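Open the model in your viewer and switch to cartoon view. This tour goes from selection to selection, with a short note at each stop.

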Amino acid sequence: MKEEPLVSLIYVSLSTVPPAERRAEVNQIVMQSVAHNATIGVTGALMSTSRYFAQLLEGRAAVVDRLLARIRLDTRHRDLAVVRRRRLDERQFAGWSLAYSGSSTTLDDMLQSLARIADDAAVDALVMVMTALAVPVAG
């Protein structure tokens, strides 16, 4: 039996979390993701700004699709847009990472542009930023 291919999926969404609750909510998201995604074989990174979330998920296609369906139901964000989905030869984020969490006008602008127009160069730039800023999260 052939193993299902790995995929990488990146989405951007608009946060609905009030600023005063952002740090606690992002911490909760990260801790839940670390625990849950380890059990289903998904890795990735999360970026959070004052207005947006961006998340990169890596795993078997069907598993990532089920997880995305679950993420779409989360009321802490809205207007989720998948900006890239592609087959993956190897994982870029071997463990779960928090790429960024905080207030950054530059990152907000980048994510706002991606939510509207997701061209390859812009998505590549987002992945480079996530990779550069990623801090492993202990699980």
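Select residues 120-133, helix H4. This is a predicted model. H4 has 14 residues and reaches 20 Å from its first C-alpha to its last, close to the 20 Å expected at 1.5 Å a residue.

Which residues of H4 are buried? Show the side chains of Val 123, Leu 126, Val 127 and Met 130. Now look down the axis of H4: these buried residues fall within an arc of 95°, so they line one face of the helix. The general rule fits on a card: an α-helix has 3.6 residues a turn, so residues three or four places apart point the same way.

Turn to the face of H4 that points away from its buried side. Ala 121, Met 128 and Ala 132 are there, and they are exposed.

What covers the buried residues of H4? Color strands E1, E2, E3, E4 and E5, then add helix H3 (105-116); the cover includes these elements.

Next, show the sheet. It is open and has 6 strands, in the order E4-E1-E3-E2-E5-E6, with mixed pairing. Go to the edges: strand E4 (77-88) and strand E6 (135-136) each have a single partner strand, so one side of each is left without a neighbour in the sheet.

Now pick strand E2, residues 43-48. Is E2 enclosed or open to the outside? Of its 6 residues, 6 are buried, so E2 is largely enclosed by the rest of the structure. In a regular strand the side chains alternate between the two faces of the sheet. Check both faces of E2. Thr 43, Ala 45 and Met 47 lie on one side, Gly 44, Leu 46 and Ser 48 on the other, and all are buried.

Keep E2 selected and add strand E5, residues 96-101. The two pair in the parallel sense over 5 bridges. Zoom in on Gly 44, which stands opposite Trp 96 in E5. Then find Leu 46; its bridge partner in E5 is Leu 98.

Swap E5 for E3. E2 and E3 run antiparallel and are joined by 6 bridges. Thr 43 stands opposite Glu 58 in E3. Follow the chain from E2 to E3 and you pass through a hairpin of 3 linking residues.

Last stop: select helix H2, residues 61-72. H2 lies across strand E1 (6-15), strand E3 (52-60) and E4. Line up the view with E3: H2 runs at about 155° to that strand.

Notes
Residues are numbered from 1 along each chain as its sequence is written. This is a predicted model: local features need pLDDT of at least 70, side-chain atom pairs count only at pLDDT 80 or more; totals for chains, interfaces and linings use all residues. Side-chain values use heavy atoms; hydrogens and water are left out. Two strands pair if DSSP finds at least two bridges between them. Helices (H or I, at least four residues) and strands (E, at least two) are DSSP runs, numbered from the N terminus. Contact means heavy atoms within 4.5 Å. Axes are lines fitted to C-alpha atoms, for helices over the stretch in contact, and angles run from 0 to 180 degrees between N-to-C directions. Buried means under 20% relative accessible area, exposed over 50%, partly exposed in between (1.4 Å probe, protein chains only). The expected span of a helix is 1.5 Å times one less than its number of residues. The arc is that of the directions from the helix axis to the C-beta atoms.
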